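Please open the structure in your viewer and keep the selection tool at hand. The tour goes stop by stop, with a selection to make at each one.

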Amino acid sequence: MIVNNRIYRIFAGTPGLLEHSCRVMFFTRQIIDYLPDGLVNVTQAQDLLFAAMYHDIGKATWTQQWFTLPRHSIWRMLFG
């Protein structure tokens, strides 16, 4: 899977998040490669890699401040 321009645009304001998501995707690829043959088919492997790449996509719109706030603070800001 190649990180294409669309992915760069999605993560444009959060380069650290892009790096993290790529690492998760590469680690997932290593796990898939380690599994016994036939346990995961090609479609399942692609789905897993896609999920790994985009697992934090909602954070791409976060302000930089939110990355260092405690979770309960973000929850209160979003949901009162």
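What follows is a walk through helices, charged pairs and a surface patch. Keep in mind throughout that this is a predicted model.

**Stop 1: the helix pair**

Select residues 15-34, which make up helix α2. Then add residues 42-54, which are helix α3. Two packed helices are described by the angle between their axes and the distance between the axes. Here the axes of α2 and α3 come within 8 Å and cross at roughly 155 degrees. An angle over 145 degrees counts as roughly antiparallel, and α2 and α3 are therefore roughly antiparallel to each other. Which hand does the crossing of α2 and α3 have? The crossing is right-handed.

**Stop 2: one residue on each helix**

Stay with the pair and pick Leu-18, which sits in α2. Is Leu-18 buried or exposed? Leu-18 is buried, because its relative accessibility is 11% and the cut-off for buried is under 20%. Next pick Ala-45, in helix α3. Ala-45 also counts as buried, at 10% relative accessibility. Draw a distance between the C-alpha atoms of Leu-18 and Ala-45: they are separated by 20 Å, with their positions 27 residues apart along the chain.

**Stop 3: the salt bridges**

How many salt bridges does a search of the whole structure find? The search finds three. Side chains of opposite charge can pair when their charged atoms come close.

Start in helix α2 with Arg-23 and Glu-19. Arg-23 forms a salt bridge with Glu-19, and the closest N and O atoms are 2.5 Å apart. The two residues are four apart in sequence, about one turn of the helix. Show the surface and compare the partners: Arg-23 is exposed at 56% relative accessibility, while Glu-19 is partly exposed at 42%.

Move along α2 to Arg-29 and Asp-33. Their salt bridge has its closest N and O atoms 2.8 Å apart. Arg-29 and Asp-33 are separated by about one helical turn, because they are four residues apart in helix α2. Arg-29 is partly exposed, with a relative accessibility of 33%. Asp-33 is exposed, with a relative accessible area of 53%.

Now select Lys-59 and Asp-56, whose side chains meet in a salt bridge at 3.6 Å, N to O. Is Asp-56 buried or exposed? Asp-56 is buried, with a relative accessible area of 13%. Its partner Lys-59 is partly exposed, with a relative accessible area of 28%.

**Stop 4: a loop residue**

Select Ala-12, in the loop between α1 (5-10) and α2. Ala-12 is exposed, with a relative accessible area of 58%. Then add Ala-60, which is 48 residues from Ala-12 along the chain. How far apart are the C-alpha atoms of Ala-12 and Ala-60? They are separated by 7.9 Å.

**Stop 5: the nonpolar patch**

Select Trp-75, Leu-78 and Phe-79 and show their side chains on the surface. These residues form a nonpolar patch there, with about 390 Å² of accessible area together. Phe-79 belongs to helix α4, residues 71-79. Is Phe-79 buried or exposed? Phe-79 is exposed, because its relative accessibility is 56% and the cut-off for exposed is over 50%.

For a last distance, go back to Ala-45 and draw a line from its C-alpha to that of Leu-78. The two residues are 34 Å apart in space and 33 residues apart in sequence. The line runs from a buried residue of helix α3 to a member of the surface patch.

Definitions and conventions
Residues numbered from 1 in each chain as written. Predicted model: local features only at pLDDT ≥ 70, side-chain atom pairs only at ≥ 80, totals over all residues. Heavy atoms only, no water. Patch = residues over 30% accessible without salt bridge, like charges linked within 9 Å, V, L, I, M, F, W, Y side chains within 5 Å. Areas by Shrake-Rupley, 256 points an atom, 1.4 Å probe, with all protein chains shown as cover. Salt bridge = Lys/Arg side-chain N within 4 Å of Asp/Glu carboxyl O. Buried < 20%, exposed > 50% of the residue type's maximum accessible area, 1.4 Å probe, protein only. Axes fitted to C-alpha atoms, helices over the stretch in contact; angles between N-to-C directions. Parallel < 35°, antiparallel > 145°, perpendicular 65-115°, else oblique. Left-handed = near helix turned anticlockwise from the far one by under 90°.
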